[in-house]
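Thanks, everyone. Please have the model open on your screens, and I'll walk you through it region by region.

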Amino acid sequence: MEMDGNDLAGQIGTSITLRECAKTFPDGTVALKPVSLDVVAGETVVILGPSGCGKTTLLRIIAGLENPDAGGNVRFGDDDVTRVPIEKRNVGMVFQSYALFPNMSVRDNVAYGLKIRGVDRRSRKQQALKVLDMMRIGELAERRIDQLSGGQRQRVALARALAVRPRVLLLDEPLTALDAALRETLRTEIDRLLRSLGITSIYVTHDQQEAMVLGDRIIVMSKGEVAQSGTPEDIYLRPANRYVGEFIGVMNRLDGELSNSRLETAAGNIDVEPTLVSKASGASSVFFRPEAVRLAAPENSPLRCKVVAVHFHGGSRRYFLETGAGPELIVDAVNATSAKAGETVGVTIDHQSFIVFD
Ligand SMILES: Nc1ncnc2c1ncn2[C@@H]1O[C@H](COP(=O)(O)OP(=O)(O)OP(=O)(O)O)[C@@H](O)[C@H]1O
Ligand SMILES: [Mg+2]
């Protein structure tokens, strides 16, 4: 591998194509049903889903740490890598547990992959320092790993993955071990880094906010299958099914009778688009996001609800409302309203934002 003084920036990652990649473990566990996936060169794809849905298994198949069942195929660009082991795929990996060498210096950890690849000592050192500077931890180069904080360790792990100039960067819940504030900082940094490098990245998480921020595209998984693949906006505003709708963000629900452009509920009647009535009628549920709801005086509002609790969030207040027509509604109000727990408020909902699932 050539290791001159060129910057990492500007390099273009490879496209990734998966066809019918399934995984059944020897004990019979079906971790993955046949999954097909196309990742464009330079794209950041986030794989999102609950624990046990097969995220890590999918990532390990892409990395070459796991073989797909017979019939599955993995390509990097035009290269069929299905049977190519990880050390020949030129991927960088970052794990939740940093998997660094604790007694070695930061610089030696970052240079390790280069050493294995036979890069000479001087170039190794130069390249490691360059990547450490990029991660803004150049001053820690001579420290031992066990002298670093969690956030610093995760930066080293990222630097190590990037130092070998991988064709593909694979990240498996890299921020889960960190506290909320640090996660947000590093999330922002990773986002800028991946965009500036133009590297193809696959990022596994069960944190939907992380997925929304980082993903050019999000693949939502459920029980070994892809439930939806789309941009963050698609996934949030146009969920393909109820599972996706309720997994991402807060989703409100009202149960009632749907007919003649109206939903009749225990809390009052609301108008809906005729197209929704044609999708479902009779006993039905309509779904909507908290942003679609406005609170008002009860007198002139189509729905009246009892305030169960109010949480102060700084910039907004979150209201929990009892409707008698399904679970409590969750509403985020930016303007201070005077309604308190125990009082009745009026609710209006933006008709455009109703969702009905088949
Ligand atoms: N080596 C193995 N042998 C048998 N079953 C396995 C093995 N590895 C994983 N599994 C099972 O496969 C399923 C998917 O596991 P996987 O690690 O891909 O989930 P995940 O989505 O990454 O979950 P988490 O968010 O908890 O990391 C789980 O039911 C898990 O128990
Ligand atoms: Mg996992």
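Start with strand β1, residues 16-24, and strand β4, residues 73-76. They pair in the antiparallel sense, over four bridges. Find Ile16, and you will see Phe76 of β4 standing opposite. Keep in mind that this is a predicted model.

Stay on β4. Its antiparallel pairing with strand β5, residues 79-80, runs over two bridges. Which residue of β5 is the bridge partner of Phe76? That is Asp79. So Phe76 appears in two pairings: opposite Ile16, and bridged to Asp79. β4 and β5 make a hairpin, with two residues between them. Look at Gly77 in that turn: its phi is positive, about 60°.

Now zoom out for a moment. The protein has 358 residues, and 50% of them count as buried. It holds nine helices and 19 strands. The C-alpha trace spans about 80 × 45 × 40 Å along its principal axes. Then the contacts. Take those between residues at least 6 apart in sequence: 67% of them join residues at least 24 apart.

Next, the parallel pairings. Go to strand β7, residues 168-172. How many of its five residues are buried? Five of five, and the strand is mostly covered. As a reminder, in a regular strand the side chains alternate between the two faces of the sheet. Here both faces are covered. Val168, Leu170 and Asp172 are buried on one side. Leu169 and Leu171 are buried on the other.

β7 pairs with strand β6, residues 91-94, in the parallel sense, over four bridges. Within that pairing, Val91 has Val168 of β7 as its bridge partner. β7 also runs parallel to strand β8, residues 200-205, joined by five bridges. There, Leu171 stands opposite Tyr203 of β8.

On to the helices. Two packed helices are described by the angle between their axes and the distance between the axes. Our pair is α2, residues 106-116, and α3, residues 121-134. The angle is about 120°, and the axes are 9 Å apart. Roughly perpendicular would end at 115 degrees, so α2 counts as oblique to α3. The crossing of α2 past α3 is right-handed.

Who makes the contact? On the α2 side: Val106, Arg107, Val110, Ala111, Leu114 and Lys115. On the α3 side: Arg124, Lys125, Gln127, Ala128, Leu129 and Leu132. By character, these residues split into seven nonpolar, one polar and four charged.

Which residues of α2 are buried? Val106, Arg107, Asn109, Val110, Ala111, Gly113 and Leu114. An α-helix has 3.6 residues a turn, so residues three or four places apart point the same way. The buried residues of α2 pack against α3, and also against α4, residues 150-163. One more detail here. Just after α2 comes Gly118, with a positive phi of about 80°.

Let's turn to a loop. Pro50 sits between β3, residues 44-48, and α1, residues 55-63. Is Pro50 buried or exposed? Neither label fits: with a relative accessible area of 30%, Pro50 is partly exposed. Leave out residues up to four places away in sequence, and Pro50 touches Lys55, Met221, Tyr243 and Phe247. Now compare Pro50 with Thr205. They are 155 residues apart in sequence, yet 8.7 Å apart in space, C-alpha to C-alpha.

Last region: an open sheet. Five strands form it, in the order β15-β19-β16-β17-β18, with antiparallel pairing. The edges are β15, residues 293-296, and β18, residues 329-333. Each has a single partner strand, so one side of each is left without a neighbour in the sheet. From one strand to the next, the twist averages 45°.

Look at the β18 edge more closely. Its pairing with β17, residues 317-322, is antiparallel and runs over five bridges. Tyr319 has Val331 of β18 as its bridge partner.

To finish, three places to look at again. The β4-β5 hairpin has Gly77 in its turn. β7 has both faces covered. And α2 passes α3 in a right-handed crossing.

Technical notes: Residues are numbered from 1 along each chain as its sequence is written. Chains are lettered from A and ligands numbered from 1 in the order in which they are written. This is a predicted model: local features need pLDDT of at least 70, side-chain atom pairs count only at pLDDT 80 or more; totals for chains, interfaces and linings use all residues. Side-chain values use heavy atoms; hydrogens and water are left out. Two strands pair if DSSP finds at least two bridges between them. Axes are lines fitted to C-alpha atoms, for helices over the stretch in contact, and angles run from 0 to 180 degrees between N-to-C directions. Angles under 35 degrees count as roughly parallel, over 145 as roughly antiparallel, 65 to 115 as roughly perpendicular and the rest as oblique. A crossing is left-handed if the near helix is turned anticlockwise from the far one by less than a right angle, and right-handed if clockwise. Contact means heavy atoms within 4.5 Å. Ala, Val, Leu, Ile, Met, Phe, Trp, Tyr, Cys and Pro count as nonpolar, Asp, Glu, Lys and Arg as charged, and the others, Gly among them, as polar. Buried means under 20% relative accessible area, exposed over 50%, partly exposed in between (1.4 Å probe, protein chains only).
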